[in-house]
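Student: I am new to this structure and would like a close look at a single part of it. Please choose the part where the interior is put together, and take me through it slowly, in one connected account.

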Amino acid sequence: AVFGWLLKSQLRFTKKEDVVDIVRTMLPSPLYKEDADYILSQRQKAAAVTTRIRQVLAHLGKQHRLTTAEEIAIDHTAHALSEILTSTGRIRASPIPT
């Protein structure tokens, strides 16, 4: 869910303080403190979410805690999120005709 909120904040040019509030609310301490700190330390917060998903996926895969089908499905979803970021970045960077 934090990905959607961060994408929305990116498209609306939300202030940094508000982005911190979003992340801290969606990923409360102490359970998700490490994840929240990682996301907040990155320049592109929504991209950091997909990166973190892939990191966790790789970790769980190495521990054999996911089946191959589950790994593929989650990786496919992470890839789709990355494509969404690319598309919205293009839209955001496109000039508005006057």
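Tutor: A helix here is a DSSP run of H or I with at least four residues, and helices are numbered from the N terminus; with that in hand, His64 can be placed in the loop between helix 4 and helix 5, the latter covering residues 68-93. Please keep in mind that this is a predicted model.

Let us take the interior as our part, and start with helix 2, which covers residues 16-26 and has Val19, Ile22 and Val23 buried. Looking down the axis of helix 2, these buried residues fall within an arc of 90°, so they line one face of the helix. Glu17 and Thr25, on the other side of helix 2, are exposed. The buried residues of helix 2 pack against helix 1 (2-11), helix 3 (33-41) and helix 4 (45-62).

From helix 1, the residue to follow is Leu6. Its relative accessible area is 2%, and because buried means under 20%, Leu6 counts as buried. Setting aside neighbours within four places in sequence, Leu6 is in contact with Val19, Ile22 and Val23, and also with Ile39, Lys45, Ala46 and Val49. The three buried residues named for helix 2, Val19, Ile22 and Val23, are therefore among the contacts of Leu6, and a contact here means heavy atoms within 4.5 Å.

Leu6 also belongs to the largest nonpolar core, which has 16 residues, and together with Phe3, Val23, Ile39 and Val49 it touches the most other members. Helix 1, helix 2, helix 3, helix 4 and helix 5 are the elements that give two or more residues to this core, and helix 1 gives the most, with four residues.

Helix 4 deserves a longer look as a partner in this packing. Its 18 residues reach 26 Å from the first C-alpha to the last, close to the 26 Å expected at 1.5 Å a residue. The buried residues of helix 4 are Lys45, Ala46, Ala48, Val49, Thr50, Arg52, Leu57 and Gly61, and what covers them includes helix 1, helix 2, helix 3 and helix 5. Lys45, Ala46 and Val49, which are among these buried residues, are also touched by Leu6. Leu57, on the other hand, is 21 Å from Leu6, C-alpha to C-alpha, the two being 51 residues apart in sequence. The charged end of Arg52 sits over the ring of Tyr38, 5.3 Å from the centre of that ring, while a search of the whole structure finds zero aromatic pairs.

Finally, consider the loops that link these helices. Between helix 1 and helix 2 lies Phe13, whose phi is near 55°, a positive value in a residue other than glycine; at 59% relative accessibility, Phe13 counts as exposed. The loop between helix 2 and helix 3 holds Pro30, which is joined to Ser29 by a cis peptide bond with omega of about -5°. This brings us back to His64, which follows helix 4 and, although it is not a glycine, has a positive phi of about 60°. His64 is exposed, with 70% relative accessibility.

Conventions. Residues numbered from 1 in each chain as written. Predicted model: local features only at pLDDT ≥ 70, side-chain atom pairs only at ≥ 80, totals over all residues. Heavy atoms only, no water. Buried < 20%, exposed > 50% of the residue type's maximum accessible area, 1.4 Å probe, protein only. Arc of directions from axis to C-beta. Phe/Tyr/Trp six-rings, centres within 6.5 Å; stacked < 30°, edge-to-face > 60°. Lys NZ or Arg CZ within 6 Å of the ring centre and 35° of its normal. Expected span 1.5 Å × (residues − 1). Core = buried A, V, L, I, M, F, W, Y, C linked by side-chain atoms within 4.5 Å.
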